[in-house]
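Have the model open and rotate it as you read. Here's a quick tour, starting with some charged pairs and ending at the backbone oddities.

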Amino acid sequence: MERTKPSLDVAKIKKDFPIMERKIHGKPLCYLDSAATSQKPRQVIEAVSEFYSNYNANVHRAIYELGEDATRGYEGAREKIAHFINARSSSEIVFTRGTTESINIVAYGWGIKGKLGKGDEIVSTVMEHHSNHIPWFFVQDYKGVKLSWIDIDDEGYLKMEDLDRLVTERTKMVAVTQCSNVLGTINPIKEIAKKAHEVNALCLVDAAQSVPHFPVDVQNLDCDLLAFSGHKMLGPTGIGVLYGKEKVLEEMEPMLGGGEMIREVHLGRATWNDVPWKFEGGTPDPAGAVGLGAAIDYLSSLGMQNVRKHEIELNAYGLEMLGKIKGIRILGPMDPKKRGGLIAFTIPEAHPHDIAAILDAEGIAIRSGHNCAQPLMERCGIPATARASFYVYNSPEDIDRLIKGLKKVQEVFA
Ligand code: 7TS
């Protein structure tokens, strides 16, 4: 395949990321682990610094100007996020610490504290990250509900006949990832949500690997709940989002008690604030929210369609070049358009941790291990993978360096 010109001006983008100046073992950083966490552009770092330098105060409780500035920044970020995923209103956006916390809030507030009981069922898939497994295990253990999982086919697509078979009148929730962090598979959420709604079940989407990488429109998907993390989309760590349809959020119980989540408290009893604040107990992270708002501005200025196009180009080149490595096993769909910007693989000569260690000596950062998806590893019959993942600052040259590094791995272990 001929190398195509990337859709994004990567050389210009890279200049916005101070960390790209770093040398690792004397070599320029080649960062291929954005599915774990993305790097941060100057615009985000400066927004956080600006918050602490000029606006810092606790939100929603101060009468003075500084407090109002901080609250405006925090609530302004909520508006930006609502717009970014096309929510109907900012009251559908709950700030959390990330995807994991968002899903746990639902498992607790809708599941454990909700009306579920024996005979009810929750359907998920074998390709979920642990963060979209464990919270449902909690619900299973507390409420005696039955869990079942949609399987994958040999190419790494969901077996849609399993969806038809497993989603029944007993199903109360279908919890599924939009994009697998290992296979890269992009799942047909619209179809899955429609199926869930046919039996009056809810559909929760783990969007940790989708919202950062391609346009996501919650009204078009018609999902009921959707979770993602700021740190995977150029934003700060420690801030994330739970989107929920207002009616669904209203019917859920809060997980954290205290702070802004209350309306009235008397000894021994209390009533809750309106959504979304009902779910934001304790002092929140306004600097993180403002940083996430800046990340959204940055991604919007690039255009999410361009981000997606860029990653498809990197996928195409990566799949082609990795495909030439002798004995390699690439997980997931081989169509670059059907996967998110990541490629997990194994090679026969070396354990993924050995691959990652040798690549590190070359300045290349990749993920190795079970990728927090042990049930999927079991399903694929392997203990671990190496994984290269791409973002706006990656270019075909990074893939060339990866390939060169892998050749070195094969020499070492030959
Ligand atoms: N869901 C998916 C699909 C993910 O990929 C991750 C993190 C999470 C949930 C959890 O996100 P958090 O921000 O709450 O931690 N995935 C990865 C990964 O693939 N490598 O490191 C973290």
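## Salt bridges

Asp-16 is buried, with a relative accessible area of just 13%; buried here means under 20%, exposed means over 50%, and partly exposed is in between (1.4 Å probe, protein chains only). This is a predicted model, where local features need pLDDT of at least 70 and side-chain atom pairs count only at pLDDT 80 or more, while totals for chains, interfaces and linings use all residues. Residues are numbered from 1 along each chain as its sequence is written, and side-chain values use heavy atoms, with hydrogens and water left out. The side chain of Asp-16 meets that of Arg-42 in a salt bridge, 2.7 Å from N to O; the term covers a side-chain nitrogen of Lys or Arg within 4 Å of a carboxyl oxygen of Asp or Glu. This pair ties together distant parts of the chain: Arg-42 is in helix α2 (residues 42–55), and Asp-16 is in the loop between α1 (10–15) and β1 (23–24), 26 residues apart. Helices (H or I, at least four residues) and strands (E, at least two) are DSSP runs, numbered from the N terminus. Arg-42 counts as partly exposed because its relative accessibility is 35%.

Now for a pair within one helix: Arg-72 and Asp-69 both sit in α3 (residues 65–84), three residues apart, or about one turn of the helix. Their side chains form a salt bridge of 2.7 Å, N to O. Arg-72 is exposed at 55% relative accessible area, whereas Asp-69 counts as buried at 17%. Lys-324 and Glu-320 make a salt bridge as well, at 3.7 Å, N to O. Lys-324 counts as exposed at 59%, and Glu-320 is partly exposed at 22%. Elsewhere, Lys-27, Glu-362 and Lys-408 are joined into one network by salt bridges that share partners. How many salt bridges does a search of the whole structure find? The search turns up 24.

## Around the ligand

Which of the 16 residues around the ligand come nearest? They are Thr-100, Asp-206, Ser-229, Arg-367 and Arg-387; a residue is near a molecule or strand if one of its heavy atoms lies within 4 Å of it. The shell divides into three nonpolar, nine polar and four charged residues. In that split, Ala, Val, Leu, Ile, Met, Phe, Trp, Tyr, Cys and Pro count as nonpolar, Asp, Glu, Lys and Arg as charged, and the others, Gly among them, as polar.

Look at the ligand's oxygen atoms next. A polar side-chain atom of Thr-100 lies 2.6 Å from one of them, and an N or O atom in the His-231 side chain is 2.7 Å from an oxygen of the ligand. With Thr-99, a backbone N or O atom lies 3.4 Å from a ligand oxygen. On its own the ligand has 490 Å² of accessible area, and the protein covers 87% of that; such areas come from the Shrake-Rupley method with a 1.4 Å probe, and for residues only the protein chains shown count as cover.

## Helix residues

Trp-110 is in helix α4 (residues 99–112) and counts as buried at 15% relative accessibility. Trp-110 and Pro-254 are 144 residues apart in sequence, yet 9.0 Å apart in space, C-alpha to C-alpha.

Over in helix α14 (residues 396–413) you'll find Gln-410, which is buried with a relative accessible area of 15%. A polar contact of 3.3 Å joins the side chains of Gln-410 and Glu-349. Such a contact is a pair of N or O atoms within 3.5 Å; within protein, one must be able to donate a hydrogen and the other to accept it, and residues adjacent in sequence count only if both atoms are side-chain atoms.

## Backbone oddities

Most residues other than glycine have a negative phi, and most peptide bonds are trans. The bond from Val-275 to Pro-276, though, is cis, with omega near 5°. Pro-276 is in the loop between β12 (269–272) and α10 (286–302).

Asn-371 has a positive phi, near 55°, and Cys-372 has one of about 50°. Asn-371 is in the loop between β16 (367–369) and α13 (374–380), and Cys-372 is also found between β16 and α13. Is Asn-371 buried or exposed? Asn-371 counts as buried, at 0% relative accessibility, while Cys-372 is partly exposed at 23%.
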